Amino acid sequence: MATHQAEFFHPRRLGHVNLWVEDLARSERFYNEQCGLTVEFTEPDLIATFLGTGQTPHDLGMIQTTNGIDRFGRDGILQLPGSIGQQVGLNHLAWELENEADLVAGFKRLQDHAIETDMTVDHQVAHSVYLFDPDGNYNEFYCDTVQNWREVLHGEMDLITSHWDPLSAEPFVEGRYERHPQLRIVDAAPLHPQRVTHAVIQSANVDRLVDFYTRIAGLTVVARDCEVVYFSGSHASYNYNLVIVPAPSAAYGHAAFQIADESALDSAIEKLSDNSVFDVIELPWKRSLFLTDPDGLTSEWYVSRAAPRELRKRGDVALLLAS
Ligand SMILES: [Fe+2]
């Protein structure tokens, strides 16, 4: 296995996944009422909703597709150019960093190496640097700036995001992520997820992405199995935060959410409507429910099992689902 030195960022974990959706209200209802993610705050002018478990300010963000029309944040910042977000799918993966000093140091190193970043913004509870991976997947590297984020972001918000100059002030060095998050569940929903743990993406050039996600994104390769690569951040309670699956072309796979135990998963399967259930798989290393959302995007709701993962023993389960 090639070794790659993290040279730019050093994330703790996957903070959230953000999707482009065709009908914001429809997708919000699905992820709230079926999947059990709490609506933490919305941004009507951006046509965006942010849902979660409480682990971070949101586990899952969603923004309605742009249809080619620019959307602006605070102070006139062009936040969502109409040239992006024309189709449903992944908007970005967001990586939580330890503190602002790490974020700014990574940003400066990118500048020193003439590696292009897309934008740097202030989200009121986070500062963020955005850049694309070699397959065109968009990545956000951020640090929390406010520990008690629910005091700042709740309900319907006016525009949240403005420009941020990473070099404008001395960056803070303390971790401002919430150490004792207040988790919320949606009682009436079939599913009660505990947290988003990882995202799965497909690539025709896995080695090129491994270089990006180790050297630039600063994740660690924790396993390779059947040419599938598993990465983690520094947060010890996650087995992995990103999975790259070889495929004929680049594509978003799914986001994966952890469920407390198998009985909770079984009861959710009983309650869910058949038309949203894409698949239920049972393997020695996990039991997973795959759902199809109103846009046809897949998500995974799973329980880990004790047996070691051996993808060769996945039987007729597709590699993308078995990973
Ligand atoms: Fe984000």
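**Close-up 1. R224 and its partner across the strand pair.** In this predicted model, R224 sits opposite V229, a residue of β15. The two strands here, β14 and β15 (residues 228-232), run antiparallel to each other and are held in register by five bridges.

**Close-up 2. The open sheet, strand by strand.** Stepping back from that pair, we get an open sheet of eight strands with mixed pairing. Reading across, the order goes β14-β15-β16-β13-β17-β20-β19-β18. The edge seats go to β14 (220-225) and β18 (277-283); each has a single partner strand, so one side of each has no neighbour in the sheet. From one strand to the next, the twist averages 20 degrees.

**Close-up 3. Two helices packed on the sheet.** Helix α3 (residues 206-216) packs on the sheet and touches β13 (195-203), β14, β15 and β16 (242-246). Its direction makes about 165 degrees with that of β16. Helix α4 (residues 262-271) also packs on the sheet, where it touches β18, β19 (286-292) and β20 (298-304). For α4, the angle to the direction of β19 is about 30 degrees.

**Close-up 4. S203, tucked into strand β13.** S203 belongs to strand β13. Buried or exposed? S203 has 23 other C-beta atoms within 10 Å, and 20 or more is the mark for buried, so S203 counts as buried. Leaving out residues up to four places away in sequence, S203 touches D135, L209, I244, P246, A247 and A250. Of these contacts, D135 is 68 residues away in sequence, yet the C-alpha atoms of S203 and D135 are 7.4 Å apart.

**Close-up 5. The largest nonpolar core.** This core has 73 residues. Those touching the most other members are L60, W95, L103, A199, Y213, L242 and W301. Where does the core lie relative to the domains? Domain 1 (13-149 + 156-163) and domain 2 (195-322) both contribute residues, so the core lies between them. Zooming in on L103, and skipping neighbours within four places in sequence, we find contacts with L97, H127, V129, F141, Y142 and C143.

**Close-up 6. E178 in the loop before β13.** E178 lies in the loop that links β12 (162-163) to β13. It has 17 C-beta neighbours inside 10 Å, which makes E178 partly exposed. Apart from neighbours within four places in sequence, E178 is in contact with Q147 and W149. The residue between those two, N148, is 30 residues from E178 along the chain, with 6.8 Å separating their C-alpha atoms.

Terms used. Residues are numbered from 1 along each chain as its sequence is written. This is a predicted model: local features need pLDDT of at least 70, side-chain atom pairs count only at pLDDT 80 or more; totals for chains, interfaces and linings use all residues. Two strands pair if DSSP finds at least two bridges between them. Helices (H or I, at least four residues) and strands (E, at least two) are DSSP runs, numbered from the N terminus. Axes are lines fitted to C-alpha atoms, for helices over the stretch in contact, and angles run from 0 to 180 degrees between N-to-C directions. Two residues are in contact if their C-beta atoms, placed from the backbone, lie within 7 Å. A nonpolar core is a set of buried Ala, Val, Leu, Ile, Met, Phe, Trp, Tyr and Cys residues joined through C-beta atoms within 7 Å. A residue is buried if 20 or more other C-beta atoms lie within 10 Å of its own, exposed if 12 or fewer, and partly exposed in between; C-beta atoms are placed from the backbone. Domain bounds come from an automatic or database domain assignment.
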